[in-house]
Amino acid sequence: MSLKVDSLTKAFGEKTAVDHISFTMDAPGVFGLIGTNGAGKTTTIRMILGIMSADSGSAAWNGKPISRETLAFGYMPEERGIYMKNKVLEQLVYFGMLRGMNGTDAKKRALRLMERLGVTEYKDMPAEKLSKGNQQKIQLISTLIHDPELIFLDEPFSGLDPVNAEVLRGLIEELVDEKKYVVMSSHQMATVEEYCENLVILNHGKTIVSGNLRQIKSGYGHTNLVIRAKEDVTKQAQEAGLSLMEKRADESEYKITGDDMANSFLSSLLTAGIYPLKYEIKEPSLHEIFIEKVGEQE
């Protein structure tokens with residue numbers, strides 16, 4: 001099984017929204033489609049699914065164009081799409097039947113997913129009576145009700161409180177365990193870093209980074225040092241040439257040139273009788289890589 005996107009391009013008038021985007025997803029898991037608002041993520045998804053025609057390029061699942069006839073796919077758009085005046089369970093059954101399920105199976109599947117997401121109590125309520133987070137859960141159920149093989153989640157964590165975000169994280173982990181193919185569009189770098197082994201970063205419709213996240217980060221080497229100590233080590237860090245990136249409540253993160261600098265600094269702290277409670281040398285975060293790459297283009 002594989003999703004292959006080959007040089008997709010789309011322009012609106014003189015503005016090129018997506019400029020020759022290509023990537024391949026050839027194993028189950030979560031693939032990240034990353035970028036700021038307006039980077040071309042949603043347009044790319046809509047071209048892949050045939051919702052919007054491409055000016056050039058192609059998208060295929062196992063070598064065939066993607067359509068409802070060739071593939072069971074699920075799509076949760078960023079702007080959502082449930083019927084506010086209709087009762088929740090009734091419309092979920094309707095969505096299931098639109099995707100080829102019979103009414104009985106659609107109802108069973110809807111109730112199972114509603115229980116999993118903790119929204120069963122709202123089944124006979126119109127969607128407008130639900131909170132934004134619970135509406136989002138209903139939208140997700142409508143996306144998954146027919147047990148799709150390929151799933152697109154466009155900004156799935158947008159607007160969720162920490163409790164509902166944790167519920168969604170658990171469900172995404174279950175989809176991965178079930179060997180589903182999930183493409184997640186997001187501008188939340190920490191979320192992407194948590195789930196995505198492979199990704200594409202877009203800026204103004206162009207690919208600026210693509211590939212395996214672990215390999216991308218390893219290419220930068222160890223550039224960050226996180227320190228937690230009982231003593232204030234600001235003076236020692238300045239003397240050692242470390243640049244402060246962020247000072248948090250109980251620890252500080254510094255920019256370093258590599259392991260040698262970190263090891264030398266640790267030796268100087270120990271010589272001074274300072275024994276750090278935490279001393280973590282690490283690669284840059286996806287957020288830092290994104291800011292650097294986007295900044296280069298801007």
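Good morning. A pocket, as the term is used here, is an open set of grid points with protein on both sides within 12 Å along at least five of seven lines. The model before you is a predicted one, and I shall begin with its largest pocket.

This largest pocket holds about 270 Å³ of space. Its lining consists of 13 residues, and those closest to the centre are P28, G29, V30, E197 and N198. Turning to the secondary structure, three elements each give two or more residues to this lining: strand β2 (15–25), strand β3 (29–34) and helix α5 (162–177). Of these, β3 gives the most, with three residues. In terms of chemical class, seven of the lining residues are nonpolar, three are polar and three are charged.

I now move to a pair of helices. Two packed helices are described by the angle between their axes and the distance between those axes. Here the pair is α2, covering residues 88–98, and α3, covering residues 103–117; their axes come within 8 Å and cross at roughly 125°. An angle between 115 and 145 degrees is neither roughly perpendicular nor roughly antiparallel, and α2 is therefore oblique to α3. The crossing of these two helices is right-handed.

Which residues make the contact? From α2 they are V88, L89, L92, V93, G96 and M97, and from α3 they are G103, A106, K107, A110, L111 and M114. Sorted by class, the residues of this contact comprise nine nonpolar, two polar and one charged.

That concludes my remarks; thank you for your attention.

Key. Residues numbered from 1 in each chain as written. Predicted model: local features only at pLDDT ≥ 70, side-chain atom pairs only at ≥ 80, totals over all residues. Heavy atoms only, no water. Axes fitted to C-alpha atoms, helices over the stretch in contact; angles between N-to-C directions. Helix = DSSP H or I, 4+ residues; strand = E, 2+ residues; numbered from the N terminus. Parallel < 35°, antiparallel > 145°, perpendicular 65-115°, else oblique. Left-handed = near helix turned anticlockwise from the far one by under 90°. Contact = heavy atoms within 4.5 Å. Nonpolar A, V, L, I, M, F, W, Y, C, P; charged D, E, K, R; others polar. 1 Å grid on protein atoms, 1.4 Å probe; cavity = no way out; pocket = protein on both sides within 12 Å on 5 of 7 lines; lining within 4 Å. Points joined across faces, edges and corners; volume = space filled by probe spheres on them.
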